[in-house]
Structure formats: C-alpha cells, structure tokens
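Me: I am new to this structure and should like to understand the terms used to describe it. Please set each value against its definition.

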Amino acid sequence: QDGGDFVSPDKIEVVQFAPPTALAPFVTQIYFFRCEERHIRDLQPAALGHLVFLLKGKGTLRFQDGHIDNLPTAVVFGPGLAAAEFNLRGPLHDLGFALSPLGFVALTGQPANRYADRGVPASELFGPEMDEMVAQFCSGHENGTMRLAQMVEQVSAFLLKRVRPVPASHVRMVQTVISWLSSDLDPDVEILYPQLGMSRSTAARLITKYFGSAPKPLMRKYRAVR
C-alpha cells in the first residue's frame with residue numbers, strides 16, 4: 001500500500017545503544033526502532049549510510065529519482081542525497097547502525113558514491129555471514145531467546161574485524177569536511193578547499209568517495225537537512 005499519511009512520531013519507539021569505543025569512529029549511532037502499526041509510511045532523511053536488520057516487517061524504500069528498492073532482511077543504504085520514503089507492512093522492528101563517512105569506506109571497502117541513494121542486500125557488501133546473522137536475529141527476536149544487546153555485541157564484533165586501514169590524510173580530510181559542514185548553516189566550498197592541503201580535483205574525488213557526493217551537492221544536502 002503506497003501513499004496515506006506518514007506515521008505519527010508517538011507511534012514509534014526508539015532505543016539507542018552507545019557504539020563500543022573502538023567502533024565509534026566508524027558507527028555514529030546504534031538504534032532499535034519499533035512501530036506496531038500495520039502500515040508505516042515514513043521518511044529517511046538525507047544523511048549517512050546505514051546497516052539495518054529488519055527483525056520484523058517488510059517493505060520498500062523510494063528514492064528521489066523515483067526508483068524503489070525492496071528491502072531485504074539485512075540491508076545497507078548508502079548515504080542519501082535527498083530524503084527517501086519508506087512504505088512498510090508492520091509491525092516493524094529494526095536494528096540499525098549509522099555508518100560515518102569514514103565507516104562506510106573502512107567497513108565495506110567500497111566508495112560511498114557507488115551506493116548513494118540505493119538500498120542493497122548487506123551480504124553484497126559484507127558477505128554471506130550477514131544473511132546467517134539476520135536469520136539468527138529474527139528467530140531469536142521472535143521467540144525471545146536473543147536480547148537486542150546481544151545482537152549489538154555480535155554485529156559490533158563482526159564490524160570491528162572488518163575495519164580496513166584508511167590513510168591518515170583521508171581521515172584528516174573527512175574530519176575537516178565534517179567541521180566545515182557543521183560550521184555554518186550555509187557552508188561555502190571556497191572556504192573548504194584551502195583547508196584540505198590537496199588539489200581541488202583530488203579533494204572533490206575523495207569527498208565524493210567518502211560522503212557520497214561532490215562538495216557542492218553535499219553542501220546543498222546539509223543545508224536542506226538543517
């Protein structure tokens with residue numbers, strides 16, 4: 001069922017978990033989202049990439065260009081360049097990990113722009129272990145033999161083993177871009193480039209790789225989010 005009203009925020013319960021210290025540079029937020037409605041229409045803001053386990057519920061995500069991805073039980077969304085719309089058959093219980101720009105690349109080994117505004121099976125980026133893990137989580141959640149904290153621990157341990165080394169210059173670049181984005185309601189790319197200590201073309205390529213889009217669209221996206 002498409003269309004209809006967006007689900008009221010008071011129908012949604014969200015529980016937050018703190019990422020383990022070693023994972024914090026790569027995962028900014030871990031959350032459990034629960035909504036018992038039969039039909040759930042909601043917006044995913046333009047933001048970071050996410051790894052999500054659908055413990056209950058199924059549906060689709062419609063992106064700004066109009067294409068619709070069916071959501072597998074374990075799914076990765078790349079960074080969104082505009083808000084996307086969920087249409088789900090509930091009840092919905094999902095466990096999500098928000099991936100930082102550094103985290104998307106370090107954990108998947110892939111450039112974020114390749115997955116911008118897409119939802120793909122998590123196994124495509126993380127291998128078949130993801131399918132085994134989500135099957136275990138769904139049955140454990142259904143029959144009450146597995147707590148959310150255990151799932152968070154298991155996924156965190158799995159992700160920590162996957163962290164690939166990132167050049168120190170890339171880490172500094174990501175930190176500089178994040179500071180630039182949060183420094184102003186209307187950040188100016190001409191202020192950013194001189195801070196990066198690399199050519200504009202290299203900077204634009206790396207920003208696209210980590211953030212999913214070039215600096216100007218990125219600036220517009222964050223302005224719209226605010």
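Me: What makes F53 a partner of A74, and in which strand does A74 lie?
Reply: F53 stands opposite A74 in β6. Strand β6 (residues 74-77) and β4 run antiparallel and are joined by 4 bridges. Two strands pair if DSSP finds at least two bridges between them, so β4 and β6 count as paired. Strands are DSSP runs of E with at least two residues, helices are runs of H or I with at least four, and both are numbered from the N terminus. This is a predicted model, in which local features need pLDDT of at least 70 and side-chain atom pairs count only at pLDDT 80 or more, while totals for chains, interfaces and linings use all residues. Residues are numbered from 1 along each chain as its sequence is written, and side-chain values use heavy atoms, with hydrogens and water left out.

Me: Which other strands pair with β4, and over how many bridges?
Reply: Strand β7 (residues 84-99) is joined to β4 by 12 bridges, and the two run antiparallel; in β7, A98 is the bridge partner of H50. Strand β5 (residues 68-70) pairs with β4 in the antiparallel sense over 3 bridges, and L61 stands opposite D69 there.

Me: Why is β4 called mostly covered?
Reply: Of the 14 residues in β4 (residues 49-62), 10 are buried. Buried means under 20% relative accessible area, exposed means over 50%, and partly exposed lies in between (1.4 Å probe, protein chains only).

Me: How do you know that D117 is buried?
Reply: D117 has a relative accessible area of 9%, which is under 20%, and therefore D117 counts as buried. D117 is found in the loop between α1 (101-108) and β8 (119-121).

Me: What is notable about the phi of D117?
Reply: D117 has a positive phi of about 55° although it is not a glycine. Most residues other than glycine have a negative phi.

Me: Why are α5 and α6 called roughly antiparallel?
Reply: Helix α5 (residues 168-182) and helix α6 (residues 189-196) pack at an angle of about 155°, with their axes 10 Å apart. That angle makes α5 roughly antiparallel to α6, because angles over 145 degrees count as roughly antiparallel, under 35 as roughly parallel, 65 to 115 as roughly perpendicular and the rest as oblique. Axes are lines fitted to C-alpha atoms, for helices over the stretch in contact, and angles run from 0 to 180 degrees between N-to-C directions.
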